[in-house]
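Student: I would like to take a close look at a single part of this model, the aromatic side chains and how they are arranged. Could you walk me through that part and then place it in the setting of the whole chain?

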Amino acid sequence: TLYPILRRLEAANLLTVNTVVHNGRLRKYYHITPQGIKRIEDFKTEWNEIVSIYNFVVKEGGTND
């Protein structure tokens, strides 16, 4: 579930991982990279475009009923 996603993001250089031993157990700390931040910004732009298209289609569909 979550961990395969984190591994894919790490493989894509969107995250870095720092592994630390704490109380005898490994802990992983994930940090977003500048490339990851850029990908989020690109996704937000894409999402806004999708929402605009959806709103246009819904509005146009609603007036033709």
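Tutor: Bear in mind from the outset that this is a predicted model. The structure holds 1 aromatic pair, made up of phenylalanine 43 and tryptophan 47, whose rings are stacked, with 6.3 Å from centre to centre and 20 degrees between the planes. The angle counts as stacked because it falls under 30 degrees, and the centres qualify as a pair because they lie within 6.5 Å. Both residues belong to helix 2, which covers residues 34-63, and they sit 4 residues apart in it, about one turn of the helix. As for their surroundings, phenylalanine 43 is partly exposed, at a relative accessible area of 43%, and tryptophan 47 is likewise partly exposed, at 46%.

Turning to the whole protein, there are 2 helices and 2 strands, which follow the pattern α-β-β-α when read along the sequence. The radius of gyration is 19 Å, well over the 11 Å that the globule rule gives for 65 residues, so the protein is more spread out than a compact globule. The C-alpha trace spans about 65 × 25 × 15 Å along its principal axes. Of the 65 residues, 8% count as buried, and among the contacts with a separation of 6 or more, residues 24 or more positions apart account for 8%. The accessible surface comes to about 5800 Å², with 59% of that belonging to carbon and sulfur atoms. Finally, the protein carries 9 positive and 7 negative charges, and their mean positions are 16 Å apart.

Definitions and conventions
Residues numbered from 1 in each chain as written. Predicted model: local features only at pLDDT ≥ 70, side-chain atom pairs only at ≥ 80, totals over all residues. Heavy atoms only, no water. Phe/Tyr/Trp six-rings, centres within 6.5 Å; stacked < 30°, edge-to-face > 60°. Buried < 20%, exposed > 50% of the residue type's maximum accessible area, 1.4 Å probe, protein only. Rg over C-alpha atoms; globule rule 2.2 N^0.38 Å. Contact = heavy atoms within 4.5 Å. Areas by Shrake-Rupley, 256 points an atom, 1.4 Å probe, with all protein chains shown as cover. Lys, Arg positive; Asp, Glu negative; His and termini not counted. Charge placed at Lys NZ, Arg CZ, Asp CG, Glu CD.
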